[in-house]
Amino acid sequence: MVDNLERKITCYFCFEDFEVNLLVQEDFSGHNVEFYDCSICCNPNKLSYKVYDGEIASLVISDGNE
């Protein structure tokens with residue numbers, strides 16, 4: 001089963017908050033990287049996160065242009 005984990009993040013560029021939906025399998029553990037364009041300034045945000053047993057253990061937001 002896939003969980004839709006909604007998170008509010010702060011844009012790396014304009015510092016405004018917006019929501020993203022991270023799709024994580026219930027039994028997944030590991031590292032994942034996704035890119036989301038900010039809904040306010042449209043710049044790309046790189047989300048690098050670690051998952052443990054289907055839950056996000058850490059989340060780092062950085063420049064998606066790298």
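1. Start with Leu-5 and the residues around it. In this predicted model, Leu-5 is in contact with Val-20, Asn-21, Leu-22, Val-24, Gly-54 and Ile-56, once neighbours within four places in sequence are left aside. You'll find Leu-5 in strand S1, which covers residues 2-10. Leu-5 counts as buried because its relative accessibility is 12%, and the cut-off for buried is under 20%. Take a look at Ile-56 too: Leu-5 and Ile-56 are 51 residues apart in sequence, yet their C-alpha atoms are 8.5 Å apart in space.

2. Stay in strand S1 and move along to Ile-9. Is Ile-9 buried or exposed? With a relative accessible area of 3%, Ile-9 is buried. Its contacts, not counting residues up to four places away in sequence, are Glu-16, Asp-17, Phe-18, Val-20, Leu-47, Leu-59 and Ile-61. Val-20 also turns up among the contacts of Leu-5. For a distance to check on screen, try Ile-9 and Glu-19: they sit 10 residues apart in sequence and 6.1 Å apart from C-alpha to C-alpha.

3. Next comes the loop between S1 and S2, where Tyr-12 is found. Tyr-12 is partly exposed, at 40% relative accessible area. Leaving aside neighbours within four places in sequence, Tyr-12 is in contact with Asn-45, Ile-61, Ser-62 and Asp-63. Ile-61 is a name you've met already, as one of the residues that Ile-9 touches. Which residue lies 34 places along the chain from Tyr-12, with 8.7 Å between the C-alpha atoms? That's Lys-46.

4. Now look at Ser-62 from the other side of that contact. Ser-62 belongs to strand S5, residues 55-63, and touches Tyr-12, Pro-44, Asn-45 and Lys-46 when residues up to four places away in sequence are not counted. Why does Ser-62 count as buried? Its relative accessibility is 18%, and buried means under 20%, so Ser-62 falls on the buried side of the cut-off. Compare that with its contact partner Tyr-12, which is partly exposed.

5. Two residues deserve a look for their backbone angles. Phe-15, in the loop between S1 and S2, has a positive phi of about 65° although it is not a glycine. Cys-42 also has a positive phi without being a glycine, and here the value is near 70°. Cys-42 is placed in the loop between S3 and strand S4, the latter being residues 44-52. How open are they? Phe-15 is exposed, with a relative accessible area of 62%, and Cys-42 counts as exposed at 55%.

6. The loop between S2 and S3 holds Phe-28. Phe-28 is partly exposed, with 32% relative accessible area. Where does Phe-28 make contacts outside its own stretch of sequence? Not counting residues up to four places away, Phe-28 touches Val-51, Tyr-52, Asp-53 and Gly-54. Gly-54 is also a contact of Leu-5, while Asp-53 comes up again in the next point. Between Phe-28 and Val-51 there are 6.8 Å from C-alpha to C-alpha, although the two are 23 residues apart in sequence.

7. Finish on the surface, with charge in mind. Which residues form the negative surface patch? They are Glu-26, Asp-27, Asp-53 and Glu-55. Asp-27 sits in the loop between strand S2 (17-25) and strand S3 (30-37), and at 63% relative accessibility Asp-27 counts as exposed. Asp-53, another member of the patch, is one of the residues touched by Phe-28. When you turn the model around, try colouring these residues and following them back to the Phe-28 contacts.

How values were computed: Residues are numbered from 1 along each chain as its sequence is written. This is a predicted model: local features need pLDDT of at least 70, side-chain atom pairs count only at pLDDT 80 or more; totals for chains, interfaces and linings use all residues. Side-chain values use heavy atoms; hydrogens and water are left out. Patches are made of residues with over 30% relative accessible area and no salt bridge: like charges are joined within 9 Å, nonpolar side chains (Val, Leu, Ile, Met, Phe, Trp, Tyr) within 5 Å. Accessible areas come from the Shrake-Rupley method with a 1.4 Å probe; for residues, only the protein chains shown count as cover. A salt bridge is a side-chain nitrogen of Lys or Arg within 4 Å of a carboxyl oxygen of Asp or Glu. Lys and Arg count as positive and Asp and Glu as negative; His and the chain ends are not counted. The place of a charge is taken as NZ of Lys, CZ of Arg, CG of Asp or CD of Glu. Helices (H or I, at least four residues) and strands (E, at least two) are DSSP runs, numbered from the N terminus. Buried means under 20% relative accessible area, exposed over 50%, partly exposed in between (1.4 Å probe, protein chains only). Contact means heavy atoms within 4.5 Å.
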